Amino acid sequence: MTASTPPAMLAAQAVRSLVCLAATASLCTAHAAERPLWELGAGVAGLRLPHYRGSDQSHGLVLPVPYVVYRGEIFKADRDGARAVLLETDRLHVDLSLAASAPTRSDDNRAREGMADLRPTIELGPNLNLKLADGPGWKLELRAPLRAAMTIESKPQVIGWIATPNLNLDLNRFSGWNIGLQTGVQLANRRFNGYFYDVGSSEATPSRPAYRSPGGYGGAQLTLAASRRDGDRWLGAFMRFDNLAGARFEDSPLVRQRNQVSIGFAVSWVLSRSSTLVLVDD
């Protein structure tokens, strides 16, 4: 982490990694219960994340993070992330979700030295969730998010689309912990891959030849996550493995490492809650 990196953008990456990944370990059980409409709190997170997929350098971060839960009919912010529910049945639901990524200063990254900085990005799009099987305390889902991506700057640029279809297995109340296992692949168009992995002719050096990335397969991911709630305290952790073998941009000179590990943990405390109760699966 550098002093010039905007804390808000790094916090966005922390929230994405911990709330949208670690919190996926929590899963609905077979019974319903009354819960507060909203809960607010705060905590701290520690993360080790690569500058970008394929980078051989990482950010080490310790950040404050919010704890936000909202259990509305349409808008929700809970263990599955922040989203707007568009369609919901017993086995299928479609929601609208957000994702974000932190910036990378090229001066801080050896592979990108002398190139333009990677701006922070935001992604928005539909996410299809299909329940494949479930039982007491477990559920297996097929998830198919598809998002359009754009940079966050004074003149935002649309940088293409990304899809991350995956299988998600959740085990609820495993010795007091909720355990999640998620495996999937990344697919993106040429423009998205090019934003991260292209090297223009003016940016080429003897050790960094010009490169134009194609679209398509972008590697595989495996995520292990765990979380638990003890009264007003929430604990969460995750470990994610990235493998870029066979990725269409694997030959980019900006890909310095084909296997990566990201890790993170967080602890939060609920400080306030709604007096209004709603019936939810829990």
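This passage describes the nonpolar cores, aromatic pairs, salt bridges and a surface patch of a predicted model.

The largest nonpolar core comprises 18 residues, and those with the most contacts inside it are Tyr52, Phe192, Tyr197, Phe249 and Leu254. Two elements, strand E9 (158-163) and helix H2 (190-197), give two or more residues to this core, and the greatest contribution comes from H2, with 3 residues. Leucine 254, when its neighbours within four places in sequence are set aside, is in contact with Tyr52, Gly54, Ala111, Arg112, Met115, Phe196, Tyr197, Asp198, Val199 and Arg208. Another core lies apart from this one and has 13 residues, among them Leu61, Tyr67, Phe238 and Ala266. As a general background to such groupings, nonpolar side chains tend to be buried together in soluble globular proteins.

Across the whole structure, 6 aromatic pairs are found. In one of them, the rings of tyrosine 195 and phenylalanine 196 have centres 5.1 Å apart and planes at 90 degrees, and the pair is therefore edge-to-face. The two partners differ in their exposure class, since tyrosine 195 is partly exposed, with a relative accessible area of 21%, whereas phenylalanine 196 is buried, at 14%. Tyrosine 197 and phenylalanine 249 form a stacked aromatic pair, with 3.9 Å from centre to centre and 5 degrees between the planes. This pair links distant parts of the chain, for tyrosine 197 belongs to helix H2 while phenylalanine 249 lies in the loop between E13 and E14, 52 residues apart. Both tyrosine 197 and phenylalanine 249 are buried. Ring pairs further link Tyr52, Phe192, Tyr195, Phe196, Tyr197 and Phe249 into a cluster, and of these residues Tyr52, Phe192, Tyr197 and Phe249 are also among those with the most contacts inside the largest nonpolar core.

Turning to charged side chains, the structure holds 17 salt bridges. In general terms, side chains of opposite charge can pair when their charged atoms come close. One of the salt bridges joins the side chains of glutamate 39 and arginine 229, at 2.9 Å from N to O. Because glutamate 39 lies in strand E2 (residues 38-50) and arginine 229 in strand E12, this pair ties together parts that are 190 residues apart in sequence. Glutamate 39 is buried, its relative accessible area being 3%, while arginine 229 is partly exposed, with a value of 33%.

A salt bridge is likewise formed by arginine 53 and aspartate 242, whose closest N and O atoms are 3.0 Å apart. Arginine 53 is placed in the loop between E2 and strand E3 (58-71) and aspartate 242 in strand E13, so that the pair ties together parts 189 residues apart in sequence. Both of these residues, arginine 53 and aspartate 242, are buried. The side chains of aspartate 56 and arginine 110 also meet in a salt bridge, with an N to O distance of 3.9 Å. Aspartate 56 lies in the loop between E2 and E3, and arginine 110 in the loop between strand E6 (92-101) and strand E7 (121-135), so this pair ties together parts that are 54 residues apart in sequence. Aspartate 56 counts as partly exposed, at 29% relative accessibility, and arginine 110 counts as exposed, at 51%. Salt bridges that share partners also join Glu39, Arg229, Asp232 and Arg273 into one network.

On the surface, a nonpolar patch of about 520 Å² is made by Leu181, Leu222, Leu224, Met239, Phe241, Val261 and Ile263. At least two residues of this patch are supplied by each of strand E12 (216-230), strand E13 (233-243) and strand E14 (259-273). Isoleucine 263, found in strand E14, counts as partly exposed, at 37% relative accessibility.

A further residue considered here is leucine 140, which has its place in strand E8 (residues 138-151) and counts as partly exposed at 25% relative accessibility. The C-alpha atoms of leucine 140 and leucine 181 are separated by 9.6 Å, although the two residues are 41 residues apart along the chain. Not counting residues up to four places away in sequence, leucine 140 touches Leu130, Lys131, Leu132, Ala133, Asn168 and Leu169.

How values were computed:
Residues numbered from 1 in each chain as written. Predicted model: local features only at pLDDT ≥ 70, side-chain atom pairs only at ≥ 80, totals over all residues. Heavy atoms only, no water. Patch = residues over 30% accessible without salt bridge, like charges linked within 9 Å, V, L, I, M, F, W, Y side chains within 5 Å. Areas by Shrake-Rupley, 256 points an atom, 1.4 Å probe, with all protein chains shown as cover. Salt bridge = Lys/Arg side-chain N within 4 Å of Asp/Glu carboxyl O. Helix = DSSP H or I, 4+ residues; strand = E, 2+ residues; numbered from the N terminus. Buried < 20%, exposed > 50% of the residue type's maximum accessible area, 1.4 Å probe, protein only. Core = buried A, V, L, I, M, F, W, Y, C linked by side-chain atoms within 4.5 Å. Contact = heavy atoms within 4.5 Å. Phe/Tyr/Trp six-rings, centres within 6.5 Å; stacked < 30°, edge-to-face > 60°.
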